[in-house]
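The following account leads the reader through a protein model, taking its internal spaces, its metal site and its charged pairs in turn. Please keep the structure in view while reading.

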Amino acid sequence: MTTKRPRSIRPRPLPVVEPGVPAPSGLRRLGIDTSEFDHVVCLAGNPNTGKSTVFNALTGLKQHVGNWPGKTVARAEGGFEYGGKRYKLVDLPGTYSLLSASTDEEIARDFILFGRPDCTIIVADATVLERNLNLTLQILEITGKAVLCLNLMDEAKRKGVKVNHRRLARELGIPVVPTVARTAHGMPELIEAVAGVASGEVETDPRRVRVRGAAADAVDELAALIEESYPGLPNARWVALRLLEGDRRVEDAVRHGELAELAGDKSFGQLAASGMS
Ligand SMILES: Nc1nc2c(ncn2[C@@H]2O[C@H](COP(=O)(O)OP(=O)(O)OP(=O)(O)O)[C@@H](O)[C@H]2O)c(=O)[nH]1
Ligand SMILES: [Mg+2]
């Protein structure tokens with residue numbers, strides 16, 4: 001795993017690499033073994049919200065964690081088993097938005113959009129929830145297969161921030177699980193929610209902005225053309241919306257064939273690798 005220097009320091013208690021936190025009951029951490037998985041789950045969220053800490057708690061691996069944003073700069077993969085199913089868990093770099101431009105943020109964006117995860121765990125910092133909800137809503141625009149991991153609840157409590165997670169779950173239309181990832185608090189509930197969403201047993205009702213009238217027709221028309229030109233590309237509607245909004249980066253991706261690469265990118269490889277294709 002590569003690391004790079006901090007972009008900025010945010011005050012928080014000393015960074016701790018959580019050694020020896022016991023695995024929640026029923027969880028078997030598989031380390032780097034991601035063979036024969038049933039489901040792919042990814043960890044997305046703003047920088048420095050505890051994604052890699054959750055990753056380590058679930059896989060038993062030792063991804064770099066520390067108290068500054070931008071530590072994870074590439075995709076990392078590990079495995080765990082729960083309830084008789086095997087999961088491939090993908091730790092992604094932090095990103096503030098799916099429209100962001102830096103290379104590590106692009107890695108996150110591309111996986112969320114085109115990696116076909118069976119569940120996206122959105123890890124949010126409960127102490128600054130509002131800022132984190134920006135990305136959350138963007139992710140819900142493209143997938144309802146998501147769980148919000150409301151992390152850093154110990155910090156929130158210390159700061160007197162209270163979050164009504166049940167109401168938040170109703171508002172967002174996805175499961176919301178309060179956690180303290182550093183001590184693995186809430187991990188059993190998180191895995192249970194992820195298992196439910198990934199298997200389809202838990203039905204979500206993601207909050208989305210409705211596109212109406214002529215704009216809706218334009219999106220449908222363009223999405224159909226994109227699907228025709230890039231067979232197999234997930235989230236053609238998202239691409240269509242970005243094009244209609246005049247997103248230059250997406251325009252470039254269409255023009256220069258980057259989108260075609262993403263449509264056929266076997267490095268995401270979930271279906272091929274699991275033999276389900
Ligand atoms: N107090 C507290 N600290 C936490 C919790 N979860 C993670 N941390 C700490 O928060 C810091 C950031 O954790 P990481 O797991 O590296 O965060 P990340 O989201 O992977 O960060 P990037 O990869 O840089 O985006 C580390 O110092 C962790 O030990 C928590 O629930 N409570
Ligand atoms: Mg990380």
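How many cavities of 30 Å³ or more does the count come to? In this predicted model, the count comes to 2 such cavities. The second largest cavity holds about 60 Å³ of space. Its lining is made up of Arg109, Asp110, Leu113, Phe114, Trp238, Val239, Val250, Ala253, Leu259 and Leu262. By class, these lining residues divide into 8 nonpolar and 2 charged, with no polar residue. At least two residues of the lining come from each of helix H2 (103–114), H8, H9 and helix H10 (258–263). The largest share, 4 residues, is supplied by H2.

The open space of the model may be considered next. The largest pocket contains about 460 Å³ of space, and 16 residues line it. Of these, Glu141, Val209, Val211, Trp238 and Leu241 lie nearest the centre of the pocket. Helix H3 (129–142) and helix H8 (236–244) are the elements that give two or more residues to this lining. Helix H8 provides the largest share, 4 residues. The lining of the largest pocket comprises 8 nonpolar, 2 polar and 6 charged residues. Trp238 therefore deserves attention when the two spaces are viewed together, because this residue is among those nearest the centre of the largest pocket and also lines the second largest cavity, where a lining residue is one with an atom within 4 Å of a point of the space.

The metal site comes next. Which residues are the protein donors of the magnesium ion (ligand 2)? They are Ser52, through OG, and Thr72, through OG1, and they lie 2.0 to 2.1 Å from the ion. The two donors link distant parts of the chain, being 20 residues apart. Ser52 belongs to helix H1 (residues 51–59), whereas Thr72 lies in the loop between H1 and strand S3 (76–82). Ser52 is buried, because its relative accessible area is 8% and the limit for a buried residue is under 20%. Thr72 is likewise buried, with a relative accessible area of 8%.

The charged pairs complete the picture. Side chains of opposite charge can pair when their charged atoms come close. The structure holds 13 salt bridges. One of them joins the side chains of Glu171 and Arg207, at 3.1 Å from N to O. Glu171 lies in helix H5 (residues 165–172) and Arg207 in the loop between helix H6 (187–199) and helix H7 (213–229), so this salt bridge ties together parts that are 36 residues apart in sequence. Glu171 is partly exposed at 38% relative accessibility, and Arg207 is partly exposed at 42%.

Another salt bridge lies within a helix. Arg255 pairs with Glu251, the closest N and O atoms being 3.6 Å apart. Both residues are in helix H9 (residues 248–255), and because they are 4 residues apart, about one helical turn separates them. Arg255 counts as exposed, at 60% relative accessibility, whereas Glu251 is partly exposed, with a relative accessible area of 23%. Elsewhere, Arg28, Asp33, Glu81 and Arg86 are joined into one network by salt bridges that share partners.

A further salt bridge is formed by the side chains of Glu77 and Arg75, with 3.6 Å from N to O. Glu77 is partly exposed, with a relative accessible area of 28%, and Arg75 is partly exposed at 27%.

How values were computed. Residues are numbered from 1 along each chain as its sequence is written. Chains are lettered from A and ligands numbered from 1 in the order in which they are written. This is a predicted model: local features need pLDDT of at least 70, side-chain atom pairs count only at pLDDT 80 or more; totals for chains, interfaces and linings use all residues. Side-chain values use heavy atoms; hydrogens and water are left out. Donors are N, O and S atoms within 2.8 Å of the metal (3.2 Å for Na, K and Ca); water is not among the atoms, so sites may look incomplete. Buried means under 20% relative accessible area, exposed over 50%, partly exposed in between (1.4 Å probe, protein chains only). On a 1 Å grid over the protein atoms alone, a cavity is a set of points where a 1.4 Å probe fits but cannot get out, and a pocket is an open set with protein on both sides within 12 Å along at least five of seven lines; lining residues have an atom within 4 Å of a point. Grid points are joined across faces, edges and corners, and a volume is the space filled by probe spheres set on the points. Ala, Val, Leu, Ile, Met, Phe, Trp, Tyr, Cys and Pro count as nonpolar, Asp, Glu, Lys and Arg as charged, and the others, Gly among them, as polar. A salt bridge is a side-chain nitrogen of Lys or Arg within 4 Å of a carboxyl oxygen of Asp or Glu.
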